[in-house]
Amino acid sequence: MARLNLIRPLLRKPMYTCSSSSRTLPFLIGDHQIQQPIFNITLKKHSLFQFQRSYIFDMRKSAFEGNILRLLRNEIQYELQRSTPTQPVANFDIFTVDDRPGEQWIRLKGKFKDEGIKVEVTMFDGAIPASKSGGGSSIGDEVKLHITLIVNITKGEDGEVLEFMCSAWPDSIEINRLFIRRDDKMSAQPYAGPEFKELDDELQDSLYEFLEARGINDELAAFLHEYMKNKDKIEFIRWMGTVKTFIEKQVE
């Protein structure tokens, strides 16, 4: 009897202290009913929901990234099988060729007597409708692709540069403008003279001959179009490979 009297005060003590606004649910420990606050159960359910939602999100994200990787691998394989790109050439005529991997332009350097020649060449940057008799670098014989050339010719140590702005079509070079500038400094808005086509016809012919003697001719235009078709494929495959590598790191 004395032992029971010792136990009863313990049983009368509350197991939890909750505010009056807290709701409780009963459960048994042995023969005794204990009230547990309902917010503990709610918290557990909320944590389970968060875990499930996070798991579903991760699964969807993994499937999405896996699909991107599959498509990239398929596209790379298709491009390689359809027409494998060739190793870029390092020389053409009097010029050495700097391919500049990963960039949208290349640089050619050469010499003519005591002159230095530098040609900066873009990848395809435009197109016009092709005539029925037109050929060369075209898409479905419907357009003629355009390449921009900037030709710099230097002579001596005075730092002056004769600069030609040109277009390279599949089978010809076209001069657009020319002007003189300093090699170490260029005015923000240099006077570039009139449109080349506005010059006297004989002067135009003489300037074309001037460039042709220095290797800026129709053969160079044809070479650049073939070179850029190959570079375009190389850069496209390189770009897909870079994207694939980045996504693979996210999946790991």
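Is Glu 79 buried or exposed, and at what relative accessibility? In this predicted model, Glu 79 has a relative accessibility of 7% and therefore counts as buried, since buried residues are those under 20% relative accessible area.

Glu 79 takes part in two of the salt bridges described here, with Arg 82 and with Lys 233. In the contact with Arg 82, the side chains meet at a distance of 3.2 Å, N to O. Both residues belong to helix H2, which spans residues 38-82, and because they are three residues apart in this helix, about one helical turn separates them. In the contact with Lys 233, the distance from N to O is 2.9 Å. This second pair links distant parts of the chain, for Glu 79 lies in helix H2 whereas Lys 233 lies in helix H4 (residues 218-251), 154 residues apart. Lys 233 is buried, as is Glu 79.

Further salt bridges occur elsewhere, and the count for the model comes to 15. One of them joins Arg 107 to Glu 120, with the closest N and O atoms 3.1 Å apart. Here, too, distant parts of the chain are linked: Arg 107 is in strand S5 (residues 105-112) and Glu 120 is in strand S6 (residues 115-122), 13 residues apart. Glu 120 has a relative accessible area of 24% and is therefore partly exposed. In addition, Asp 99, Lys 231, Glu 235 and Arg 238 are joined into one network by salt bridges that share partners.

The residues of the Glu 79 salt bridges also appear in the largest pocket, whose lining includes Glu 79, Arg 82 and Lys 233. The volume of this pocket is about 180 Å³. The other residues of the lining are Ser 83, Thr 84, Pro 85, Lys 229, Asn 230, Asp 232 and Phe 236. Helices H2 and H4 each supply at least two residues of the lining, and H4 gives the most, with five residues. Classified by type, the lining has five charged, three polar and two nonpolar residues.

Asp 218 is likewise placed in helix H4. With a relative accessible area of 38%, Asp 218 is partly exposed, because this class lies between the limits of 20% and 50%. Apart from neighbours within four places in sequence, Asp 218 is in contact with Asp 171, Ser 172 and Ile 173. The C-alpha atom of Asp 218 is separated by 8.6 Å from that of Trp 169, a residue 49 places away along the chain.

The confidence of the prediction varies along the chain. The average pLDDT is 79, and 67% of the residues score at least 70. Among the elements of the chain, strand S4 (residues 95-98) has the highest mean pLDDT, 98, and helix H1 (residues 2-12) has the lowest, 44. The pLDDT is below 50 over residues 1-22, a stretch that has eight contacts in the model beyond near neighbours in sequence. Over residues 134-140 the pLDDT also stays under 50, and the model has eleven contacts beyond four places in sequence for these residues.

How values were computed. Residues numbered from 1 in each chain as written. Predicted model: local features only at pLDDT ≥ 70, side-chain atom pairs only at ≥ 80, totals over all residues. Heavy atoms only, no water. Salt bridge = Lys/Arg side-chain N within 4 Å of Asp/Glu carboxyl O. Helix = DSSP H or I, 4+ residues; strand = E, 2+ residues; numbered from the N terminus. Buried < 20%, exposed > 50% of the residue type's maximum accessible area, 1.4 Å probe, protein only. pLDDT = per-residue confidence, 0-100. Contact = heavy atoms within 4.5 Å. 1 Å grid on protein atoms, 1.4 Å probe; cavity = no way out; pocket = protein on both sides within 12 Å on 5 of 7 lines; lining within 4 Å. Points joined across faces, edges and corners; volume = space filled by probe spheres on them. Nonpolar A, V, L, I, M, F, W, Y, C, P; charged D, E, K, R; others polar.
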